[in-house]
Amino acid sequence: MSNWVAHNIHSEGVYESDLEKNGTVSFLRSEPSKVLHVMTAEQIMSQSVATVHEVESVDRLLHLLKYTRHNGFPVISKDTQRLEGLILRSQIIVMLHRRAFCDRRGKLLVAEEETTELQNALEHEMQTFHQRQGLWQRHAWSAKESLQRLEIEGEIMNGINESLRSLADYPEMSGPAGEPPGARLFLNFGPYMNQVPLSVRKECSAARAHSLFTAMGLRHLCVVNADNNVVGVITRKDLDHASGSGWWRQNRLNADSINNSGMPLLQSNANLGEIV
């Protein structure tokens, strides 16, 4: 009898049921819901994508960290929206903290003999970021107050100020009058970004995107057009909301994406772009 109940009435484990009931985690089912089979990646993706260039100004990066909760940022080419890679929020924070600043051409401001040492230190800190900041606080650094919660905001700002004071040694980096000081400092993501991030075409089935997430443990999936230009990003939240209502739906996560008829809304929702 217990075997029949498990297979036909409630096949989910206690852990999965608690995650769904908790309502703070976008938990994907092992199999995509039926509605995802008739939807495309373009219908469920978030179109409000925050992208960065391979060499990006510190001023804009600080703005992104303060006003977005994205965990990952697609890296695009300088003149187009063509996908070049993906950089994580934690990697940006580490680079700011370690003052890995460069000029507009991507050349590090540190002495040449210190370049290799800095790159090795950056790679180590990027790999151990969550362990050092607390494994159970992984949600904190994607919040709006991530820098404050990690208690490194002061160190980052002090490092930026010290680097700005040293710009007198680099006359070629002097900016126009009225330009924000942080606009004269840059980070070069080339050596550290994921240069081959997984992506799907906008015509791809939403069910296939769901399978990629569950099979490979993804947190975000870039959506591109025929020219490989970034047109959107899919996250677990997007898939969870698009899955619609069902017997498993116990929490409030899907409330905003379900209309009165019980079918998922297809229009873009900027809030779904928040990467968790």
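Visitor: Which residue in S4 is the bridge partner of Gly72?

Guide: This is a predicted model, so local features need pLDDT of at least 70 and side-chain atom pairs count only at pLDDT 80 or more, while totals for chains, interfaces and linings use all residues. Residues are numbered from 1 along each chain as its sequence is written, and side-chain values use heavy atoms, without hydrogens and water. Strand S3 (residues 72-76) runs antiparallel to S4, with five bridges between them; strands (E, at least two residues) and helices (H or I, at least four) are DSSP runs, numbered from the N terminus. In S4, Gly72 is partnered by Leu88.

Visitor: And which residue in S4 stands opposite Pro74?

Guide: Pro74 also has its counterpart in S4. A hairpin of six residues joins S3 to S4. Opposite Pro74 stands Leu86.

Visitor: In what order do the three strands of the open sheet lie?

Guide: Two strands pair if DSSP finds at least two bridges between them. The pairing in this sheet is mixed. The order is S1-S3-S4.

Visitor: Which strands stand at the edges?

Guide: An edge strand here has a single partner strand, so one side of it is left without a neighbour in the sheet. Two strands fit that description: S1 (52-53) and S4 (83-88).

Visitor: Is Asp79 buried or exposed?

Guide: Asp79 sits in the loop between S3 and S4. Buried means under 20% relative accessible area, exposed over 50%, and partly exposed in between (1.4 Å probe, protein chains only). Asp79 has 72% relative accessibility, so it counts as exposed.

Visitor: How far apart are the C-alpha atoms of Asp79 and His53?

Guide: Along the chain, Asp79 and His53 are 26 residues apart. In space, their C-alpha atoms are separated by 9.4 Å.

Visitor: At what angle to S4 does H5 run?

Guide: Helix H5 (residues 89-97) lies across S3 and S4. Axes are lines fitted to C-alpha atoms, for helices over the stretch in contact, and angles run from 0 to 180 degrees between N-to-C directions. H5 runs to S4 at about 70°.

Visitor: How many of the nine residues of H5 are buried?

Guide: H5 is mostly covered. Its buried residues include Arg89, Gln91, Ile92 and Met95. The count, out of nine, is eight.

Visitor: How do H4 and H5 stand to each other, roughly perpendicular or oblique?

Guide: H4 and H5 pack at about 130°, with axes 11 Å apart. Angles under 35 degrees count as roughly parallel, over 145 as roughly antiparallel, 65 to 115 as roughly perpendicular and the rest as oblique. H4 and H5 are therefore oblique.

Visitor: Which residues of H5 make the contact with H4?

Guide: Contact means heavy atoms within 4.5 Å. From H4 (residues 58-67), the contact uses Val58, Leu61, Leu62, Leu64 and Leu65. From H5 it uses Arg89, Ile92, Ile93 and Leu96.

Visitor: Is Leu65 buried or exposed?

Guide: Leu65 belongs to helix H4. Its C-alpha lies 8.5 Å from that of Ile93, 28 residues away in sequence. With 1% relative accessibility, Leu65 counts as buried.

Visitor: Which element supplies the largest share of the largest nonpolar core?

Guide: A nonpolar core is a set of buried Ala, Val, Leu, Ile, Met, Phe, Trp, Tyr and Cys residues joined through side-chain atoms within 4.5 Å. This one has 29 residues, and Val52, Ile87, Ile92, Met95, Leu122, Leu187 and Phe189 touch the most other members. H4, S3, H5, strand S5 (101-102), helix H6 (112-127) and strand S6 (186-188) each supply at least two residues. The largest share, five residues, comes from H5.

Visitor: Beyond its neighbours within four places in sequence, which residues is Phe189 in contact with?

Guide: Phe189 is among the core residues that touch the most other members. Leaving sequence neighbours within four places aside, its contacts are Val52, His53, Glu54, Glu56, Leu61, Ile87, Ile92 and Met95.

Visitor: What is the phi of Arg99?

Guide: Arg99 lies in the loop between H5 and S5. At 34% relative accessibility, Arg99 counts as partly exposed. Its phi is positive, in a residue other than glycine, and is near 60°.

Visitor: In which loop does Asn228 lie?

Guide: Asn228 also has a positive phi, near 65°. Its 22% relative accessibility counts as partly exposed. Its loop is the one between strand S8 (220-224) and strand S9 (230-235).
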